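Here is my note on the model you sent. Please read it with the structure open.

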Amino acid sequence: MNLCVLGAQWGDEGKGKIVDLLTPRFSIVARYQGGHNAGHTVYVRGQKFVLHLVPSGILHPGVTCVIGNGVVVDPHALFAELDDLARLGIDVNGRLLVSDKAHLILSYHRELELLAEARRGERRIGTTSRGIGPAYEDKIGRRGIRVGDLADQSADGPLVGAVRENVEARNRLIGNLDLEWTVVVADLRKVWTRLKPLVADVSLYLFDAMAEGRAVMFEGAQGTLLDIDHGTYPYVTSSNGTTGGVLTGLGIGPRAVDQVMGVAKAYTTRVGEGPLPTELHGAMGERLRETGQEYGASTGRPRRCGWYDAVAVRYAARVNGLDSLAITKLDVLDGLDELQVCTAYRCGNTVLRDMPGDVAQLAACEPVYESIAGWQESTKGVTTFSALPAAAQRYIRKLEETSGVPASIISTGSDREHTIIR
Ligand code: IMP
C-alpha cells in the first residue's frame, strides 16, 4: 500500500514524526513539493534531528529517499544537510535520489525574495527567506534552471545562456551589478560534481519500484492551508502540498496513491502572516506556545497558536480526500480545565460551515466554538487509546466527529514511542 502523509492545517503539524514512525512499513519515502522552507523534526531516543529537504525516512537504514521534480532544491542547503547527517552517523550513500527535473534555488532567488517582501511592507507574506517563491516563479515563467541542466556546462550551452539571462534580469531589477553570471556558473560547476551521483529519473524509478511491489510513502511539506491553490492565498507557499501535488511533483498516476493521511495538531498553529481564525492572543496562546515549544524548526520564529479549527481540517479532508488523521501533540493540552473546538465561522450574520475562498472574508470571520471538558492527568507517552483519560478520549472523538475523519494515530510526545496506533 502506498500512503501519502500531508499537513491538514497551516504546516508544522508534526509530519516529520509521523513519516519517521511509519517508514518501517515502506521501502521508499518521496518528497513531492516545497524545499528547505520545511523543518521536519524527528526525535529518536531523545536525539533531535531536523530535516529540511531530505525526506524524513532517511533515518531508517535501507530506505530509499526521493526528492521529486516538484521540489525546489537549494544545492548548498542540501549538501549542508547531508554533511549534518554524515556527522550524526547516518549514511545516505546510494539511498537518496534527486529528480533531474527538480528546479534549483540559486543565491539570487533569496535576494529577490527579501526584496519582494520588503516591497510588500504591511502586506508581506512572512516567508522563510529561503528563495522558495522566486524559484517557483522562474519555473512557471519557464526560465528556471533544473538539476538535469547542469549536465551540459559548455560555454555556449543552454545552462550558461539561461544563467546569464537570469542574472542580468536580477541585476536590472535590484539595480546594482554586483552579481556576475560567471560566478554563478562557476558555482554550478562545483555543485554538479557533488550532485551528479544523486540524479535520477524519479518518475521512472518510482514506476519500476511500484511494479516490483515496493511500497512508497509520499511526504508532504507545509500544509493544506498554505497550498498555493487551496490555501489562504496570497498568504501561502508557492507549491501544492495537497494530494494533487503528489502526482505532478513525482510523475506518477492517481492510482499510485492508495491512502491519504492528514496530520493535524490537537490545536492550531501558524507561522508567518495571514488569517488564523482561532488565534489566541492572550495567556492561553502563550501557554500553548510555551508548552508546545511552538517555535519554527527552520527559522526559530514564534508560531501563532489557537484552538483546534475543525472547519480547516474538514476542508483539508475534502481537498485531499483524507482517509485518516494523525492527531499530534495531544499532551500539550494536559492540565487545561476546558478546551474549545471551532466548528463553524461567523461572518457578519452568516454562519459558515465551510472554509471561504476569500482571504479578506476569512480574516473577518469569528470562530464558533463548542466547549469540551479538559483533563488534569498527563497523557505524555501514553500508547493505547484506552489508557487516555476519559476526557481526552472524548476530545479525540470530538475532533473526529467535527472533522469527519477517523484518527488512526494519536501522538502523545515527541519520541517515536510516544504514540497511539489504532
Ligand atoms: P515560503 O514557503 O518561504 O515562501 O513562505 C510562505 C509561507 O509559508 C509563510 O507564511 C511561511 O511561514 C510558511 N511556511 C513555509 N514553510 C513552512 C513550514 O514548513 N511550516 C510552516 N510554515 C511554513
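1. A word on terms before the cysteines. A residue counts as buried when its relative accessible area is under 20%, and as exposed when that area is over 50%. Keep in mind that this is a predicted model. Cys-4 has a relative accessible area of 0%, so Cys-4 is buried.

2. How many disulfides does the structure hold? The count is zero. A disulfide is a covalent bond between the sulfur atoms of two cysteines. To be counted here, the two sulfur atoms must lie within 2.5 Å.

3. Why does Cys-4 have no bond to Cys-65? The sulfur of Cys-65 is the closest cysteine sulfur to that of Cys-4, yet the two are 15 Å apart, which is too far for a bond.

4. Cys-305 is in no disulfide either. Its nearest cysteine sulfur belongs to Cys-342, and that atom is 16 Å away. Is Cys-305 buried or exposed? Its relative accessibility is 1%, so Cys-305 counts as buried.

5. Now Cys-342 itself. This residue sits in strand 16, which covers residues 338–347. Cys-342 is buried, because its relative accessible area is 0%.

6. What surrounds Cys-342? Leaving aside residues up to four places away in sequence, Cys-342 touches Thr-278 and the run Tyr-308, Asp-309, Ala-310 and Val-311. Pro-367, Val-368 and Tyr-369 touch Cys-342 as well. Take Asp-309: it is 33 residues from Cys-342 along the chain, but their C-alpha atoms are separated by 4.8 Å.

7. On the fold as a whole, the chain has 12 helices and 20 strands. Contacts with a separation of 6 or more were also sorted by distance in sequence. Of these, 75% join residues 24 or more positions apart.

8. Size next. For 422 residues, a compact globule would have a radius of gyration near 22 Å; the chain has 22 Å, so the two agree. Along the principal axes, the C-alpha atoms fill a box of roughly 70 × 50 × 40 Å.

9. Burial and surface. Of the 422 residues in the chain, 58% are buried. The accessible surface is about 17200 Å². Carbon and sulfur atoms account for 51% of that surface.

10. Last, charge. There are 46 positive and 50 negative side chains. How far apart do the centres of the two sets lie? The separation is 0 Å.

Methods. Residues are numbered from 1 along each chain as its sequence is written. This is a predicted model: local features need pLDDT of at least 70, side-chain atom pairs count only at pLDDT 80 or more; totals for chains, interfaces and linings use all residues. Side-chain values use heavy atoms; hydrogens and water are left out. Buried means under 20% relative accessible area, exposed over 50%, partly exposed in between (1.4 Å probe, protein chains only). Helices (H or I, at least four residues) and strands (E, at least two) are DSSP runs, numbered from the N terminus. The radius of gyration is taken over C-alpha atoms; the globule rule is 2.2 Å times the number of residues to the power 0.38. Contact means heavy atoms within 4.5 Å. Accessible areas come from the Shrake-Rupley method with a 1.4 Å probe; for residues, only the protein chains shown count as cover. Lys and Arg count as positive and Asp and Glu as negative; His and the chain ends are not counted. The place of a charge is taken as NZ of Lys, CZ of Arg, CG of Asp or CD of Glu.
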